[in-house]
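Thanks for sharing this one. Below are a few numbered points to read alongside the coordinates.

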Amino acid sequence: MGILAERPVEEEFDDLADLAAAVEEWEERLGEVQYDPRRTAGALCLCDEGCGMVVWLVVTGPERGRMWRDGRVNGTDLQPMRDADGSPLNFASWYLGWLADAEAACDQAR
């Protein structure tokens, strides 16, 4: 989990001011690491799911063609999306699923 696991723990500090300073320093490093643009280089942001959650399509490298969910806004990390059978979700499967969901939503609205 990397930097997420390095979050300061209250029990390790005798002084709350020291804890607050350590958390502030950790949050600054977290932002620098998690939002480093190199982490999403070679990917296209395809979908905004709202509240800062987005979906990425990797277009270069070994993950090319696979979909990733970006939950950094909620304190989680970039995570590969999975098909119902647990295999990595590719663009075609994601897109066809999105179309099916959109069609179902239209049918319900009628």
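1. Let me begin with the lining of the largest pocket, bearing in mind that this is a predicted model. By class, that lining has six nonpolar, three polar and two charged residues. The residues involved are Arg39, Thr40, Ala41, Gly42, Ala43, Trp56, Val58, Thr60, Glu63, Trp68 and Leu78. The space inside the largest pocket comes to about 200 Å³.

2. How does the chain order its secondary structure? The protein has two helices and four strands, and along the sequence these follow the pattern α-β-β-β-β-α.

3. Now the hairpin of S1 and S2. Strand S1 covers residues 43-50 and runs antiparallel to S2, with six bridges joining the two. Glycine 50 stands opposite methionine 53 in S2. Two residues lie between the strands of this hairpin, and cysteine 51 takes a positive phi near 55 degrees there. If you have the viewer open, cysteine 51, with that positive phi, is a good place to stop and look.

4. The next pairing takes us from S2 to S3. Strand S2 spans residues 53-58 and strand S3 residues 67-70; they are antiparallel and share four bridges. One pair to look up here is leucine 57 with methionine 67, its bridge partner in S3.

5. S3 also pairs with S4, a strand of residues 78-80, again in the antiparallel sense and over three bridges. In this pairing, tryptophan 68 stands opposite proline 80 in S4. You have met Trp68 already, since the residue is among those lining the largest pocket. Leu78 is on that list too, and residue 78 is where S4 begins.

6. A general reminder for anyone tracing these strands by eye: in a regular strand, side chains alternate between the two faces of the sheet.

7. Please also look at the overall dimensions. The radius of gyration is 19 Å, whereas a compact globule of 110 residues would have one near 13 Å. Along the principal axes, the C-alpha trace spans about 60 × 40 × 25 Å.

8. Two percentages complete the picture. What share of the 110 residues is buried? Buried residues make up 24% of the protein. As for contacts with a separation of 6 or more, 24% are accounted for by residues 24 or more positions apart. I would read both values beside the radius of gyration of 19 Å.

How values were computed: Residues are numbered from 1 along each chain as its sequence is written. This is a predicted model: local features need pLDDT of at least 70, side-chain atom pairs count only at pLDDT 80 or more; totals for chains, interfaces and linings use all residues. Side-chain values use heavy atoms; hydrogens and water are left out. On a 1 Å grid over the protein atoms alone, a cavity is a set of points where a 1.4 Å probe fits but cannot get out, and a pocket is an open set with protein on both sides within 12 Å along at least five of seven lines; lining residues have an atom within 4 Å of a point. Grid points are joined across faces, edges and corners, and a volume is the space filled by probe spheres set on the points. Ala, Val, Leu, Ile, Met, Phe, Trp, Tyr, Cys and Pro count as nonpolar, Asp, Glu, Lys and Arg as charged, and the others, Gly among them, as polar. Two strands pair if DSSP finds at least two bridges between them. The radius of gyration is taken over C-alpha atoms; the globule rule is 2.2 Å times the number of residues to the power 0.38. Buried means under 20% relative accessible area, exposed over 50%, partly exposed in between (1.4 Å probe, protein chains only). Contact means heavy atoms within 4.5 Å.
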